[in-house]
Amino acid sequence: MASNYIYATVSSILLFLLCSSSLFGAFMAALVQEQPLVLKYHNGALLKGTVTVNLIWYGKFTPIQRSIIVDFLQSLNSPKAPNPSAASWWKTTEKYKTGASTVTLGKQILDENCSLGKSLKNSHIVYLASKGGYMGRSVNLVLTAKDVFVEGFCSRCGSHGSTRGKIRFTYAWVGNSEIQCAGQCAWPFHQPIYGPQTPPLVAPNGDVGVDGMIINIATVLAGTVTNPFNNGYFQGPATAPLEAVSACTGMFGSGSYPGYPGQTLVDKSTGASYNAHGVNGRRYLLPAMWDPTKSACSTLV
């Protein structure tokens, strides 16, 4: 009986300590840090050199929304922004085999009237992506507006892939989750659907849906250049791979753990959270990326 009492008392003390927010955070962070992470290279081709990103806008985006995303893409290789910058974040892709991937913005195609309707299947995404053309090292990125429903959306926030056959190109898709599932695809700018209901962060560009899209564009773009044909860098099965950024889900700053994005920079005037500077005075919150030289997820701050 005495031993059971001591065991119960010790358990109660441990539970009390873990429930303390600061100690619980440290405990969770320690658990995350202990997990080894290795993305295996499967000897396939990567997208290196100059990579052209063509944009297919499907549905209505405001000029401001389009500029937020265009500025982000142009920030990835711009030395003008102060550190920490989107360019320094993207530079991690250089550490994957065969050198740098220099992103340039290609053509932009607008389909504001939703020529295929507002309920799309995966085959529609590939068809829309084909409108970007088949130029060498390029990524045709389909961006769907907030009122466009895409097959599998919310269980995934974006995707990328490649076509087969003589004419082969890589493509990606990201949707605006603002009115569909912001708790899943725009976290941490919206309260999560599951888990601890911590207050959401303030979006750095004042648009929860589009700032969430930036996180997901960053995720699929890094995945595309480091695993374009499903035989590059990834962990797990090829049918459901963990890639450069998707292997580091939910990590945005130091001390992050499941449900807590980590410490970020905060704009004193707006309260917006960010960790990267971009061109034209933009600020973005970018996810952690796996660093091959450290075999660990790396955040900007």
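This is a guided tour of the structure, stop by stop, with a suggestion at each stop of what to select.

**The whole chain**

Begin with the whole protein in cartoon view, and keep in mind throughout that this is a predicted model. The protein has 301 residues, of which 47% count as buried, and its secondary structure consists of seven helices and 15 strands. If you switch on a surface, the accessible area that you see comes to about 14,400 Å², and carbon and sulfur atoms account for 58% of that area. Among the contacts between residues at least 6 apart in sequence, 72% join residues at least 24 apart.

**The disulfides**

Next, select the cysteines and show their side chains, since the structure holds three disulfides. When the bonded cysteines are counted along the chain, the pairing follows the pattern 1-3, 2-4, 5-6.

Start with Cys 154 and Cys 181, whose sulfur atoms lie 2.1 Å apart in a disulfide. This pair links distant parts of the chain, 27 residues apart, with Cys 154 in the loop between strand S6 (149-150) and S7, and Cys 181 in the loop between S8 and helix H6 (182-185). The torsion about the S-S bond of Cys 154 and Cys 181 is about -90°, and the disulfide is therefore left-handed. Cys 154 has a relative accessible area of 18% and is buried, while Cys 181 is also buried, with a relative accessible area of 4%.

Move on to Cys 157, which a disulfide joins to Cys 185, again with 2.1 Å from S to S. Here too the pair links distant parts of the chain, for Cys 157 sits in the loop between S6 and S7 and Cys 185 in helix H6, 28 residues apart. A torsion of about -85° about the S-S bond of Cys 157 and Cys 185 makes this disulfide left-handed, and both of these cysteines are buried.

The remaining pair to select is Cys 248 and Cys 297, which form a disulfide with their sulfur atoms 2.1 Å apart. Follow the chain between them and you will find that the pair links distant parts, 49 residues apart: Cys 248 belongs to the loop between strand S9 (233-234) and strand S10 (265-266), and Cys 297 to strand S15 (residues 296-298). With -85° about the S-S bond, the link of Cys 248 and Cys 297 is left-handed. Are its two ends buried or partly exposed? Cys 248 is buried, at 1% relative accessibility, whereas Cys 297 is partly exposed, with a relative accessible area of 22%.

While the cysteines are still selected, look also at Cys 114, which counts as buried at 10% relative accessibility.

**Thr 163 and its surroundings**

Now select Thr 163, which lies in the loop between strand S7 (158-162) and strand S8 (170-175). Thr 163 has a relative accessibility of 13%, and because buried means under 20%, this threonine counts as buried. Which residues is Thr 163 in contact with, leaving aside its neighbours within four places in sequence? They are Val 126, Arg 168, Phe 169 and Tyr 171. For one of these, zoom in on the atoms themselves: a polar atom of the Thr 163 side chain lies 3.0 Å from the backbone nitrogen of Phe 169.

**The largest pocket**

Turn next to the largest pocket, which has a volume of about 1,300 Å³. To find its centre, select Arg 156, Cys 157, Thr 219, Ser 246 and Thr 249, which are the closest to it of the 48 residues that line the pocket. The elements that give two or more residues to the lining are S7, H6 and helix H7 (208-226), and the largest share, five residues, comes from S7. Cys 157, among the residues closest to the pocket centre, has already appeared on this tour as the disulfide partner of Cys 185.

**The cavity**

For the last stop, look inside the protein, where there is one cavity of 30 Å³ or more, with a volume of about 30 Å³. Select Trp 57, Gly 59, Lys 60, Phe 61, Arg 66, Leu 110, Asp 111 and Glu 112 to see the residues that line this cavity.

Note on methods
Residues are numbered from 1 along each chain as its sequence is written. This is a predicted model: local features need pLDDT of at least 70, side-chain atom pairs count only at pLDDT 80 or more; totals for chains, interfaces and linings use all residues. Side-chain values use heavy atoms; hydrogens and water are left out. Helices (H or I, at least four residues) and strands (E, at least two) are DSSP runs, numbered from the N terminus. Buried means under 20% relative accessible area, exposed over 50%, partly exposed in between (1.4 Å probe, protein chains only). A polar contact is a pair of N or O atoms within 3.5 Å; within protein, one must be able to donate a hydrogen and the other to accept it, and residues adjacent in sequence count only if both atoms are side-chain atoms. Contact means heavy atoms within 4.5 Å. A disulfide is a pair of cysteine sulfur atoms within 2.5 Å. Accessible areas come from the Shrake-Rupley method with a 1.4 Å probe; for residues, only the protein chains shown count as cover. On a 1 Å grid over the protein atoms alone, a cavity is a set of points where a 1.4 Å probe fits but cannot get out, and a pocket is an open set with protein on both sides within 12 Å along at least five of seven lines; lining residues have an atom within 4 Å of a point. Grid points are joined across faces, edges and corners, and a volume is the space filled by probe spheres set on the points.
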